[in-house]
Amino acid sequence: MARVGSRRENGLQGDFGEAWLEAVAAGSGLLHGRPTSLDFQKADVQLIYPGHASKTRYPTVLVQVKTTVGLRGPSDGVFSYDLDIGTYEVLRQTDHAVRRILVVIGLLPDGDSVRLTPEGTLLAGRGAWVSLEGEPPSGNQATRTVRLPEANTLDQEGLERMLKTYGIRRSMPAPDVSAWE
């Protein structure tokens, strides 16, 4: 990850974050893949729990991955990230058939995010996830600072918790209809 900021570098950095999440998912026994060929729906990676959770077979979420060198924190157990308004507005919606999750991966400033050690290859950096579903609209024009709990880890335990919380079926509100009218 040499020069941060160029268009090419930002694309490679984003691809690295998506591959990182998929590697962790694969190592954790979770199913993963690309949901579509174009990112119109603000979803880079689809994660699936291969089994049952809360009476839902194969709990699934769509994940928007952001990769940055500027991940702030953790402070008081929370990371902070400035998310672009367009993505914020999509991720805060409550009417997605498959729920959306934001994952932010913070790379090391020196660009040394892949290290070869005697024990194997190490991905170096930190990250977390959060659901923005139901958040209020933003009055900002460019970015909105989002808070990602440090406890929402990008490991097997954290990803399974994400899927078992946000990947399961949810009840839909019943319309106000009178059978007698």
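**View 1. Asp 15 is a partly exposed residue, with a relative accessibility of 41%.** In this predicted model, Asp 15 pairs with Arg 34 in a salt bridge whose closest N and O atoms are 3.9 Å apart. Asp 15 belongs to helix α1 and Arg 34 to the loop between β1 and β2, so the pair ties together parts that are 19 residues apart in sequence. Arg 34 is partly exposed too, at 43% relative accessibility.

**View 2. Arg 126 meets Glu 150 in a salt bridge.** Here the closest N and O atoms are 2.6 Å apart. Look for Arg 126 in strand β11 (residues 125-130) and for Glu 150 in the loop between β12 and α3; the pair therefore ties together parts 24 residues apart in sequence. Arg 126 has a relative accessibility of 44% and Glu 150 one of 27%, and each counts as partly exposed. Back at the first view, salt bridges with shared partners join Asp 15, Glu 18, Glu 22 and Arg 34 into one network.

**View 3. Arg 115 and Asp 112 form another salt bridge.** Their closest N and O atoms are 3.2 Å apart. Arg 115 is partly exposed at 31%, and Asp 112 is partly exposed at 32%. A search of the whole structure finds nine salt bridges.

**View 4. Asp 44 is buried and has no salt bridge.** This residue sits in the loop between β1 (31-33) and β2 (45-48). The nearest side chain of opposite charge belongs to Arg 34, 5.9 Å away; a salt bridge would need a nitrogen and an oxygen within 4 Å. A polar atom of the Asp 44 side chain does lie 2.8 Å from the backbone nitrogen of Val 65.

**View 5. Leu 163, in helix α3 (residues 156-166), is our next stop.** Leu 163 is buried, with a relative accessible area of 0%. Beyond its close sequence neighbours (up to four places away), Leu 163 touches Leu 30, Leu 47, Ile 48, Tyr 49, Pro 59, Thr 60, Val 61 and Ile 168. Its C-alpha atom is 8.6 Å from that of Ala 53, although the two residues are 110 residues apart along the chain.

**View 6. Confidence varies along the chain, from helix α1 to strand β12.** Among the elements, helix α1 (residues 7-27) has the lowest mean pLDDT, 82, and strand β12 (residues 143-149) the highest, 97. Over residues 1-5, pLDDT stays under 50. Where pLDDT is low, the predicted coordinates should not be read in detail. For the protein chain, the mean pLDDT is 88.

Methods: Residues numbered from 1 in each chain as written. Predicted model: local features only at pLDDT ≥ 70, side-chain atom pairs only at ≥ 80, totals over all residues. Heavy atoms only, no water. Helix = DSSP H or I, 4+ residues; strand = E, 2+ residues; numbered from the N terminus. Buried < 20%, exposed > 50% of the residue type's maximum accessible area, 1.4 Å probe, protein only. Contact = heavy atoms within 4.5 Å. Lys, Arg positive; Asp, Glu negative; His and termini not counted. Polar contact = N/O pair within 3.5 Å; in protein donor to acceptor, adjacent residues only side chain to side chain. pLDDT = per-residue confidence, 0-100.
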